[in-house]
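The following exercises concern one protein chain and are to be worked with the sequence and the structure in view. Each task is followed by a solution in steps.

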Amino acid sequence: MIYQSIPHRRHTEDGAEYIGYDILGQEAGREPLLVEDVTEDGRFAEALCQALNREGVEPVHVFDMIFDFLSDEAWKN
């Protein structure tokens with residue numbers, strides 16, 4: 001499965017606009033995986049996709065990897 005980040009224009013509940021990044025996983029012959037609005041940080045989304053691709057993460061483990069990345073203190077600085 002190949003993962004990529006996809007930017008989308010979104011709106012908060014109060015109508016403020018922002019760019020949110022989805023993670024899309026695709027592979028021939030398999031159902032695509034779309035995780036919407038993972039982050040507002042494009043650099044974070046790209047690093048996440050690089051890690052997913054480098055490690056060959058199966059779809060069943062994508063949410064664990066996203067959680068691990070979001071929990072990483074280094075990305076909060």
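Two strands pair if DSSP finds at least two bridges between them. Helices (H or I, at least four residues) and strands (E, at least two) are DSSP runs, numbered from the N terminus. The model is predicted: local features need pLDDT of at least 70, side-chain atom pairs count only at pLDDT 80 or more, and totals for chains, interfaces and linings use all residues. Residues are numbered from 1 along each chain as its sequence is written, and side-chain values use heavy atoms, with hydrogens and water left out.

**Exercise 1. Overall layout**

Determine which elements the protein chain contains and in what order they run.

Step 1. The protein chain has two helices and three strands. From the N terminus on, their order is β-β-β-α-α.

Step 2. Along the principal axes, the C-alpha atoms fill a box of roughly 40 × 30 × 15 Å.

Step 3. Of the 77 residues, 36% are buried, where buried means under 20% relative accessible area, exposed over 50% and partly exposed in between (1.4 Å probe, protein chains only).

Step 4. Contact means heavy atoms within 4.5 Å. Among contacts between residues at least 6 apart in sequence, 36% join residues at least 24 apart.

**Exercise 2. The sheet**

Describe how the three strands are arranged and which strands lie at the edges.

Step 1. Strands of a sheet pair through backbone hydrogen bonds, either parallel or antiparallel. Here the strands form an open sheet in the order E1-E2-E3, with antiparallel pairing.

Step 2. E1 and strand E3 (33-39) are the edge strands, since each pairs on one side only. Neighbouring strands are turned by 30° against each other on average, direction ignored. For such angles, axes are lines fitted to C-alpha atoms, for helices over the stretch in contact, and angles run from 0 to 180 degrees between N-to-C directions.

Step 3. Strand E1 (residues 2-11) is joined by 10 bridges to strand E2 (residues 17-26), and the two run antiparallel. In this pair Ser-5 stands opposite Ile-23, and Ile-6 stands opposite Asp-22.

Step 4. The hairpin of E1 and E2 has five residues between the strands, and Gly-15 in that hairpin takes a positive phi near 95°.

**Exercise 3. Two residues of the strands**

Is Arg-10 buried or exposed? Which residues does Arg-10 touch?

Step 1. Arg-10 is found in E1. Its relative accessibility is 17%, so Arg-10 counts as buried.

Step 2. Not counting residues up to four places away in sequence, Arg-10 touches Ala-16, Glu-17, Tyr-18, Gly-20, Asp-22, Glu-36 and Asp-37.

Step 3. One of these partners, Asp-37, lies in strand E3. Asp-37 has a relative accessible area of 32% and is therefore partly exposed.

Step 4. Most residues other than glycine have a negative phi. The phi of Asp-37, by contrast, is positive, near 55°.

**Exercise 4. The helix pair**

Work out how H1 and H2 cross and which residues make the contact.

Step 1. Two packed helices are described by the angle between their axes and the distance between the axes. The axes of helix H1 (residues 42-55) and helix H2 (residues 62-71) come within 11 Å and cross at roughly 135°.

Step 2. That angle makes H1 oblique to H2; angles under 35 degrees count as roughly parallel, over 145 as roughly antiparallel, 65 to 115 as roughly perpendicular and the rest as oblique.

Step 3. The crossing of H1 and H2 is right-handed, a crossing being left-handed if the near helix is turned anticlockwise from the far one by less than a right angle, and right-handed if clockwise.

Step 4. H1 contributes Phe-44, Ala-47, Leu-48, Ala-51, Leu-52 and Glu-55 to the contact, and H2 contributes Val-62, Met-65, Ile-66, Phe-69 and Leu-70.

Step 5. These contact residues divide into 10 nonpolar, no polar and one charged. Ala, Val, Leu, Ile, Met, Phe, Trp, Tyr, Cys and Pro count as nonpolar, Asp, Glu, Lys and Arg as charged, and the others, Gly among them, as polar.

**Exercise 5. Two residues of H2**

State how accessible Phe-67 and Asp-68 are.

Step 1. Phe-67 is found in helix H2 and, at 56% relative accessibility, counts as exposed.

Step 2. Asp-68 also lies in H2; with a relative accessible area of 47%, Asp-68 is partly exposed.
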